[in-house]
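Please look over the model shown here, with attention to its core, its pockets and one residue in a helix.

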Amino acid sequence: MSKLQLLFDGGSDQLLKLINAVAKTAPGLSDEGRQALADECVGYYNEAKAVELVTRILDHVDALFVMDADETEACFLSLFSVVDRAAPAEQPGLLTAILDKLRVRQGDGILVLRLLGDMINLLPESYGEMRVAVLSAALALSAGNAQLLTMLEPTVARFCEEGGAAAAWRVETLRNTAEAASATPGKAVLQKGCLQQLLAASEPSAVEAEAAQALLLAIADPVWTQKNQPALLDMPAIAHLRGHATHGWLVTLLDTLLRGTLDDFETFKGAHQSQ
């Protein structure tokens, strides 16, 4: 029995509260219209019509954001449990519909991040592709906001460490995290760490742009690199760029900064005045 099924079996009262909350606060409806909406949703619930119930609630999802944040989260947990009542073939579409509503939500960043985190944590590992999509949405939401990205870091780390996470999904998550960190002041260390993990997990020819980015970051702070990423130059993805027409000079410069002498640096400058 799944975690979501347990929520459903133990949470019928919360589901009815969810229906009541939506019906009471749905904008643009008369009292009769709200009662009709409530009756319709209760009917779907009693008949176990999960697709119809979720779709109808999502039509009025704004109503769930006018209450206390904890109540909103409880309502979404109930909504997730309804999805679990749908046929397996219908569940991905319903989860995508919920994700799309959360993805475009404006002005509720911390709350939406909590809800996306709930989705990631409740979905089983077999829903790897959907979990990656949810995590990608959370990272996009967090880009530029150090507080939100900090909240998300443990989830990213946990996902990347899971044995069931496919290599391709880990690579995508690391890439998305590095991009979010790049757009967020104060998150250079997170960006560097994700790039190094990404380079280690990928074929060198597939991450040339990311390797060049890692080199630029390392060159900008060679003291930090020497202390925290001493093996960067020995990584296959970096070595792959040594003879690269566009990026090869970056490898030579970092090598000079980390392992060369002042004379080596002057020689490099003389040979690359146009770079």
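The briefing below covers the basis of the model, then the core, the pocket and T225.

This is a predicted model, in which local features need pLDDT of at least 70 and side-chain atom pairs count only at pLDDT 80 or more, while totals for chains, interfaces and linings use all residues. Residues are numbered from 1 along each chain as its sequence is written, and side-chain values use heavy atoms, with hydrogens and water left out.

**Nonpolar core**
- The largest nonpolar core (buried Ala, Val, Leu, Ile, Met, Phe, Trp, Tyr and Cys residues joined through side-chain atoms within 4.5 Å) has 81 residues, of which L64, F65, F76, I98, L102 and I238 touch the most other members.
- Helix α7 (residues 109–122) provides the largest share of this core, 8 residues; helices here are DSSP runs of H or I with at least four residues, numbered from the N terminus.
- Apart from neighbours within four places in sequence, I98 is in contact (heavy atoms within 4.5 Å) with V54, L58, F76, L79, F80, V83 and M119.

**Lining of the largest pocket**
- The lining residues comprise 9 nonpolar (Ala, Val, Leu, Ile, Met, Phe, Trp, Tyr, Cys and Pro), 3 charged (Asp, Glu, Lys and Arg) and 3 polar (the others, Gly among them).

**T225**
- T225 lies in helix α13 (residues 222–228) and counts as buried (under 20% relative accessible area, 1.4 Å probe, protein chains only) because its relative accessibility is 0%.
- A polar atom of the T225 side chain lies 3.2 Å from the backbone oxygen of A218.
- Not counting residues up to four places away in sequence, T225 touches A218, P230, L232 and L258.

How values were computed
Helices (H or I, at least four residues) and strands (E, at least two) are DSSP runs, numbered from the N terminus. Buried means under 20% relative accessible area, exposed over 50%, partly exposed in between (1.4 Å probe, protein chains only). A polar contact is a pair of N or O atoms within 3.5 Å; within protein, one must be able to donate a hydrogen and the other to accept it, and residues adjacent in sequence count only if both atoms are side-chain atoms.
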